[in-house]
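I opened this model to look up how its strands are ordered and what the helices beside them touch. The entries below are kept in the order in which I looked things up.

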Amino acid sequence: MKAVRFHEVGGPEVLRYEDVEQPAPGAGEVRIRVAASAFNAADNGMRAGFLPIPVVLPHVPGYDVSGTVDALGEGVDGLRVGDAVIGFLPMERDGGAAEYVIAPADRLVPAPTTIPLADAAAWPSVALTAWQALFDDGALQAGQRIFINGAGGVVGKYAVALAKQAGAHVVATATARSREAVQAAGADEIVDYTTTEALTAIGQPVDVLLNLAPIDPDRFTALVALVRDGGKVVSTTAFMATPGDESRGVTAATVFVLPHRERLTELVTMIDKGELRVEVTRRIPLTELPALHAEAAAGRIPGKTIVLPA
């Protein structure tokens with residue numbers, strides 16, 4: 001089979017499109033014929049060697065995947081050959097940038113039926129990140145106010161939609177380019193941070209501040225003033241500390257996304273009900289993945305891209 005792998009960490013040039021032996025599933029595993037995998041920022045960090053996730057080299061990237069069950073390992077129940085599935089694969093194992101991938105059966109759920117199977121690869125880890133940030137770390141509840149900084153990004157649109165579905169009042173940042181999409185996701189108020197100062201534009205305190213974008217540490221600390229006493233600050237920017245305010249009981253949490261099969265199943269239901277929209281910005285063949293990594297390394301990767309094996 002064909003796959004893209006890196007045999008050493010480094011720049012995008014270490015990625016190779018090559019022939020790889022087709023893997024066989026072990027106990028508790030299935031083999032998936034890949035419909036698509038998704039490109040994520042963490043793939044770039046793992047390839048470059050600055051994201052400390054232990055992988056065995058050579059490594060196949062692409063931990064978000066969709067496809068069809070092709071073979072079952074011993075002891076697998078609840079899945080059959082031919083089932084359409086999605087999954088957020090263990091990041092330390094080979095991913096879906098290949099024609100076939102081995103996945104733990106307990107990481108997979110039935111794919112949404114209302115969108116193309118390939119497009120279903122675009123969202124598992126990013127939607128789980130949004131859910132975890134809002135409800136597990138942010139404890140967001142109906143009737144509360146949340147400020148989402150970086151709402152125009154991939155995770156941001158899911159965060160806006162999920163917060164709105166939960167009955168929260170959503171204040172979000174967006175530029176002119178992303179404003180329409182953020183508004184369509186359900187934001188109640190939008191602040192264009194390129195022209196407006198959020199500290200003065202947001203009139204009432206918020207219960208949760210969710211940061212999804214790189215931000216100057218001093219700027220981040222200043223935004224904590226927007227959070228009411230006893231509120232929460234949550235951030236997905238693991239490379240920097242998340243500030244709180246102990247004197248006012250404002251707690252801080254940094255999101256490290258975790259696999260959660262039940263949550264994935266709930267999110268699939270929301271997609272099939274039309275409550276969540278799956279966005280795919282680009283679709284590229286597997287042969288172009290090294291070039292995509294080069295774009296990302298140069299800071300030019302837009303939106304959500306899925307990688308098709310053929």
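These notes go from a sheet to the helices that lie across it, and then to a single helix.

Entry 1, the sheet. I kept in mind throughout that the model is predicted. I traced an open sheet of six strands, paired in parallel, and read its order as β10-β9-β8-β11-β12-β13. The edges are β10 (189–191) and β13 (251–254), each of which pairs on one side only, and from one strand to the next the twist averages 15 degrees.

Entry 2, one strand pair. I then looked at β8 (residues 145–149) and β9 (residues 169–173), which run parallel and are joined by four bridges; in one of these pairings, R145 has H169 of β9 as its bridge partner.

Entry 3, helices across the sheet. I found α2 (residues 124–137) lying across β8, β11 (206–211), β12 (227–235) and β13, at about 150 degrees to β12, while α3 (residues 154–165) lies across β8, β9 and β11, at about 165 degrees to β9.

Entry 4, helix α7. I noted that α7 (residues 261–272) has twelve residues and spans 17 Å from its first C-alpha to its last, close to the 16 Å expected at 1.5 Å a residue. Its buried residues, under 20% relative accessible area, are L264, L267, V268, M270 and I271. Seen down the axis of α7, these buried residues fall within an arc of 160 degrees, so they line one face of the helix. What do the buried residues of α7 pack against? I found β5 (84–88), β7 (108–110), α2 and α3. Just after α7, I saw that G274 takes a positive phi of about 85 degrees.

Note on methods:
Residues are numbered from 1 along each chain as its sequence is written. This is a predicted model: local features need pLDDT of at least 70, side-chain atom pairs count only at pLDDT 80 or more; totals for chains, interfaces and linings use all residues. Side-chain values use heavy atoms; hydrogens and water are left out. Two strands pair if DSSP finds at least two bridges between them. Axes are lines fitted to C-alpha atoms, for helices over the stretch in contact, and angles run from 0 to 180 degrees between N-to-C directions. Contact means heavy atoms within 4.5 Å. The expected span of a helix is 1.5 Å times one less than its number of residues. Buried means under 20% relative accessible area, exposed over 50%, partly exposed in between (1.4 Å probe, protein chains only). The arc is that of the directions from the helix axis to the C-beta atoms.
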